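Dear colleague,

I am passing on to you the structure that we spoke about, and below it you will find my notes. Please read them with the structure open beside you.

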Amino acid sequence: MAKAKGDIVIDIERCKGCELCIEACPQDALEVSRQVNKKGYLYIVKVEDTCTGCESCALVCPEGGVTVYRVQNKKKTQVAQVKNITSDINITVKE
Amino acid sequence: MNEKTMLDDDHYENVIREESVCTSENLVYERPETLLDTPLHYCPGCGHGVVHRIIAEVVDELGIQEETIGVAPVGCAVFAYNYLNIDMSEAAHGRASAVATGIKRVLPEKYVFSYQGDGDLAAIGTGETIHTCNRGENLLIIFINNGIYGMTGGQMAPTTLPGMKSTTSPFGRDVKSMGAPLKITDLVAQLPGTYYVTRQSVHKPANVRKTKKAILKGFQFQKENKGTCFVEVVSNCPSNWKMTPLESNKFLEDQMLPFYPLGDLKNPERKEK
């Protein structure tokens, strides 16, 4: 099964470097940067391109500084609908 | 390491793909509108910010920004009115549920919630809290329990765990002389006026989702005039526990949660199903 493709945007000026998102990320895609923001906090950056857009980092972020994007896979839903239709037909034939 | 990947052709492809991912069609999560742009004054890793955001999300989802009135406590969340773009009122220490009662009785069609910490709700405002719940006022009480007085510098609160060190219990809380921790949520669950009583936390993504559901239920029950809804959120206080945010979450999981188990203490809707 192909992984979902996603991306996040971190508002670095809002970040306080609490590292809760690093702990929450199932893909280990986040790290502490070596630079500080205007307030003097070591902010968090995305270093790996494995993001699936699972929202875990955004949910635990106390500052509300993460925006999450996920590629909406339309083909999958269409396939699923087709499968359901065929299964319905099969049942009616058996009856 | 970055220089190497910058030279790689694949990297440029990835960059292009990333840019295409960040479109309004693919947007699945963003900062709620009800949460203002003001930077939060809370310490790094504090659970208050998460709960503020959850409230803003719920208000946005229900579309009740114009009809919601919040009552802020005295404590760390005293400036909650700076962060939430809804009508807010400030109450004297511990009296948030009494002020909320007044607001709800004058404006019964509005959604009223009080947002209180453990020193506010469980120590100074115990009487107000218990009587508000006993009268069954149609309120949502959100109770943030971090087991310490955060704003004043980490003094012992009624919810401080046995043996837990604070500035006023430097050798750990002694149950014999200082009393056992007060489980106020269990206490109000016994009262007939409360309709929905639950205890949640915000230390993991799954728990954040559950807390959001609980607060959403609280607002929905308030619309149906069911009675007092009480949502306790077990939270952390990295600064006054003298820990990093990650350590504080571990402490919360290992020490706080066995004493304050998560789950619904009173939920009539579940029994019917």
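Two strands are said to pair if DSSP finds at least two bridges between them, where strands (E, at least two residues) and helices (H or I, at least four residues) are DSSP runs numbered from the N terminus. Please keep in mind that this is a predicted model, in which local features need pLDDT of at least 70 and side-chain atom pairs count only at pLDDT 80 or more, while totals for chains, interfaces and linings use all residues. Residues are numbered from 1 along each chain as its sequence is written, and chains are lettered from A and ligands numbered from 1 in the order in which they are written.

I begin with chain A, whose secondary structure comes to 3 helices and 4 strands, arranged from the N terminus on as β-α-β-β-α-β-α. Of the 95 residues in this chain, 36% are buried, a residue being buried if 20 or more other C-beta atoms lie within 10 Å of its own, exposed if 12 or fewer, and partly exposed in between, with C-beta atoms placed from the backbone.

Next comes a sheet to which both chains contribute. Strands of a sheet pair through backbone hydrogen bonds, either parallel or antiparallel. Here an open sheet of 3 strands has the order β1(A)-β4(A)-β1(B), with antiparallel pairing; its edge strands, each pairing on one side only, are β1 of chain A and β1 of chain B. From one strand to the next the twist averages 30°, taken between axes that are lines fitted to C-alpha atoms, with angles running from 0 to 180 degrees between N-to-C directions. Within chain A, β1(A) and β4(A) are antiparallel and joined by 5 bridges, and G6(A) has R70(A) as its bridge partner in β4(A). Across the chains, 2 bridges join β4(A) to β1(B), again in the antiparallel sense, and here V68(A) has Y29(B) as its bridge partner.

How many residues of each chain are in contact with the other? In chain A there are 28, and they touch 27 residues of chain B, two residues being in contact if their C-beta atoms, placed from the backbone, lie within 7 Å. On the side of chain A, the elements that give two or more residues are β1 (6–10), α1, α2 (56–60) and β4 (66–70). The residues of that side divide into 11 nonpolar, 7 polar and 10 charged, where Ala, Val, Leu, Ile, Met, Phe, Trp, Tyr, Cys and Pro count as nonpolar, Asp, Glu, Lys and Arg as charged, and the others, Gly among them, as polar.

Helix α11 (residues 245–259) of chain B also involves both chains, since what covers its buried residues includes α1 (20–24) of chain A together with β6 (194–201) and β7 (228–234) of chain B. Those buried residues are P245(B), S248(B), N249(B), F251(B), L252(B) and M256(B). L252(B) is also the centre of a kink of about 35°, the bend at a residue being the angle between axes fitted to the seven residues ending there and the seven starting there.

Finally, in chain B, 6 of the 6 residues of strand β5 (residues 140–145) are buried, so this strand is largely enclosed by the rest of the structure. L140(B), I142(B) and I144(B) point one way, and I141(B), F143(B) and N145(B) the other way. β5(B) is joined in parallel to β4 (residues 111–117) by 5 bridges, with Y115(B) partnered by I142(B), and pairs in the parallel sense with β7(B) over 6 bridges, where I144(B) stands opposite V233(B).

With best wishes
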